[in-house]
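Hi there,

Here is the structure I promised to pass on to you. Have a look at it first, and then read my notes below.

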Amino acid sequence: MGSTIPKDRDGLEFFGQISAAISHDLKNVLAIINEDAGLLQDFSLMAAQGMELDPARLVKLAEKIQGQVKRGDGIIKNMNRFAHSVDLPVCEVDYRELCALVISLLTRMASRKCVTVSLKDGEQAKGKGDPFTTQMLIAKGLEYAMDSAGKDGELGIDVASADGGCMMNVSGLNAPLPEDALAELESIADKAGAEVAVDPQVNILNFKF
Amino acid sequence: MAEKVLLVDDEKEFVEGLAERMELRGMNVTACTNPQDALDKVDAEGFDAIVLDLQMPGIDGIEALKHIRKSRPEMQVILLSGHATVEKGIEAMKLGAMDFVEKPADINVLTDKIKKAQAKKMILVEEKTEEKVKDILSHKGW
């Protein structure tokens with residue numbers, strides 16, 4: 001039996017990349033809970049040997065564990081939304097909401113590259129589109145924009161309704177995007193039914209959905 | 001003798017919790033959340049073991065490991081990772097890391113590895129001292 005090659009290897013790679021980042025974040029959450037639970041165990045063993053327990057310390061540890069459970073829950077909620085983005089090939093999407101989700105999913109990448117990414121305030125920007133491919137386009141665009149912004153760079157994202165669709169501007173680029181990066185973005189934009197452009201004068205990456 | 005340990009991870013709460021547990025076990029711990037600060041500490045003072053996260057902002061664990069192996073080869077590095085794969089761990093071992101631990105870490109396993117790191121460092125320092133003494137004796141005509 002011959003092997004089958006997935007039709008959309010890019011999409012599969014993107015899914016894998018995001019899943020790996022999520023698993024990494026969850027491992028960190030579990031590691032913190034593990035240490036805090038371990039401290040509670042250490043204190044209990046010390047108390048059994050006659051050492052006095054500080055109730056305030058115990059409350060603080062319990063709060064830290066609850067905080068991490070909340071953080072883990074947020075990560076899993078994002079993971080769930082991301083996983084369900086492949087349910088329908090085309091549906092009504094809120095581009096602002098998708099953008100916020102992608103920024104959350106790329107937090108670790110931004111932190112590793114020492115770049116701050118912020119979504120500017122605005123209203124919902126709805127339209128019909130493919131949620132998964134749109135996320136892949138935004139994520140790839142942000143990845144290249146982070147490289148362009150460089151260490152300690154700041155990217156600002158503006159999402160707004162325009163002409164029955166949506167415009168998304170990523171500002172804060174510091175260097176032109178490499179030609180192959182732009183070609184890759186254009187290829188994904190084509191699949192997402194979108195357009196991509198870079199304004200070199202103002203260093204803005206623009207998506208039109 | 002208390003093991004002198006440098007603990008480096010950008011997750012502040014993780015570093016705080018683990019450092020306290022290691023101190024309860026009699027270790028002398030310096031905690032650090034910034035990889036560059038950690039490398040400065042490595043250059044400035046001695047540690048028996050360095051517990052280093054593999055993925056950090058700016059400088060990743062592999063780069064930090066290369067720096068430590070070059071500037072202070074006697075210090076033993078134990079890499080910590082939230083990666084669920086062993087690929088990076090193998091790369092780290094090839095680059096001279098003493099060991100590799102996956103998060104969440106078992107404190108008993110980590111403590112055991114730190115004790116082994118201290119013993120290994122002491123042997124290396126003794127060997128280096130012996131070499132120096134031999135070198136001095138061979139060059140001085142007394």
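How much area is buried between chain A and chain B? In this predicted model, the figure is about 2,100 Å², and carbon and sulfur atoms give 50% of that area. On the chain A side, 30% of what is buried against chain B is supplied by His24(A), Lys27(A) and Glu35(A), more than by any other three residues. In terms of contacts, 23 residues of chain A touch 22 residues of chain B. The rule also finds eight salt bridges across this interface. If you would like one to look up, try the side chains of Glu16(B) and Lys64(A), which meet in a salt bridge at 4.0 Å, N to O.

Next, the sheet in chain A. Five strands form an open sheet with mixed pairing, in the order β2-β4-β5-β7-β6. Strands β2 (116-119) and β6 (195-199) of chain A stand at the edges; each has a single partner strand, so one side of each has no neighbour in the sheet. Within the sheet, β4 (residues 154-162) and β5 (residues 165-171) of chain A pair in the antiparallel sense over seven bridges. There you can find Asp158(A) opposite Asn169(A) in β5(A).

Helix α5 (residues 131-149) of chain A lies across β2, β4, β5 and β7 of chain A, running at about 145° to β4(A). The largest nonpolar core has 50 residues, and Leu142(A) and Leu155(A) have the most contacts inside it. The largest share of this core, 10 residues, comes from α5(A). Leu155(A) is in contact with several residues far from it in sequence, including Val117(A), Leu142(A), Met146(A) and Val170(A).

Enjoy exploring!

Terms used. Residues are numbered from 1 along each chain as its sequence is written. Chains are lettered from A and ligands numbered from 1 in the order in which they are written. This is a predicted model: local features need pLDDT of at least 70, side-chain atom pairs count only at pLDDT 80 or more; totals for chains, interfaces and linings use all residues. Side-chain values use heavy atoms; hydrogens and water are left out. Two strands pair if DSSP finds at least two bridges between them. Helices (H or I, at least four residues) and strands (E, at least two) are DSSP runs, numbered from the N terminus. Contact means heavy atoms within 4.5 Å. Axes are lines fitted to C-alpha atoms, for helices over the stretch in contact, and angles run from 0 to 180 degrees between N-to-C directions. A nonpolar core is a set of buried Ala, Val, Leu, Ile, Met, Phe, Trp, Tyr and Cys residues joined through side-chain atoms within 4.5 Å. Buried means under 20% relative accessible area, exposed over 50%, partly exposed in between (1.4 Å probe, protein chains only). Buried area is the accessible area (1.4 Å probe) that two parts lose on being put together, summed over both. Lists of a residue's contacts leave out its neighbours within four places in sequence.
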